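Here are some worked exercises to try with the model open in your viewer. Have a go at each task before reading its solution.

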Amino acid sequence: LAFMRCAESLGRGEIGTLEIGVQNISRMPYGSCEGSGGMVVLQIHFDQRIIPVAAANIGMSLVPYTVTYDPNIRDSMYIQMHNIPPGETVTVQITIQMESRAELFDRCFWQADVYLRDKLIEYNFEKIRVS
């Protein structure tokens, strides 16, 4: 994980953006592309008060990943990376909304896990305060 960015606080019903950078520090490509060093999956876990609205890609002409999300489950999203070139970073942007019933001043955590060949290799978490 190169970075994880989000607003420090969001009001009830307010929309914000999560940014997660997945960096390849290797000399070979990773992802589902031919000749890669292995499959890379980013899993994002959400506090029940954080509602994912949309996901987008930044900085690449072709969509570099596939998003899988079940709104009935709501607490996690899977992002399969297609190609992370050597030395490059793919930025994943997720638009979220703070649930309107969230309690003021609560801290809502979200976590990003990186899997390489189905093995957890890195994780980190951030929080958003309800304002």
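## Exercise 1: strand pairing

Task: find the residue in strand 10 that is the bridge partner of Trp110, then work out the order of the open sheet.

Solution. The bridge partner of Trp110 in strand 10 is Glu126. Strands here are DSSP E runs of at least two residues, numbered from the N terminus (helices are H or I runs of at least four). Next, strand 9 and strand 10 run antiparallel and are joined by 10 bridges; two strands count as paired if DSSP finds at least two bridges between them. Now follow the open sheet: its 6 strands come in the order 2-10-9-4-7-6, with mixed pairing. At the edges sit strand 2 (9-10) and strand 6 (65-69), each pairing on one side only.

A word on the ground rules: this is a predicted model, where local features need pLDDT of at least 70, side-chain atom pairs count only at pLDDT 80 or more, and totals for chains, interfaces and linings use all residues. Residues are numbered from 1 along each chain as its sequence is written, and side-chain values use heavy atoms, with hydrogens and water left out.

## Exercise 2: strand 8 and the core

Task: say how strand 8 is joined to strand 3, and which residues have the most contacts inside the largest nonpolar core.

Solution. Start with the bridges: strand 3 and strand 8 run antiparallel, joined by 9 of them. One to look up is Gln23, whose bridge partner in strand 8 is Thr89. Then check the cover: 7 of the 10 residues of strand 8 are buried (under 20% relative accessible area; exposed is over 50%, partly exposed in between, with a 1.4 Å probe and protein chains only).

On to the largest nonpolar core, which has 30 residues, with Ile20, Leu42, Ile79, Met81 and Ile94 making the most contacts inside it. Such a core is a set of buried Ala, Val, Leu, Ile, Met, Phe, Trp, Tyr and Cys residues joined through side-chain atoms within 4.5 Å. Among the elements giving two or more residues to this core are strand 3 (15-23), strand 4 (40-46) and strand 8 (89-98).

## Exercise 3: the cysteines

Task: how many disulfides does the structure hold, and is Cys108 buried or exposed?

Solution. The count is 0 disulfides, a disulfide being a pair of cysteine sulfur atoms within 2.5 Å. Take Cys108: the closest cysteine sulfur is in Cys6, 11 Å away, so that is too far for a bond. Cys108 is buried, at 0% relative accessible area, while Cys33 is partly exposed at 22%.

## Exercise 4: a turn with positive phi

Task: which loop holds Arg117, and what is the phi of Arg117?

Solution. Arg117 lies in the loop between strand 9 and strand 10, and Asp118 has its place there too. Although not a glycine, Arg117 has a positive phi of about 50°. Asp118, not a glycine either, has a positive phi of about 65°. Most residues other than glycine have a negative phi. For accessibility, Arg117 counts as exposed at 51%, and Asp118 counts as exposed at 76%.
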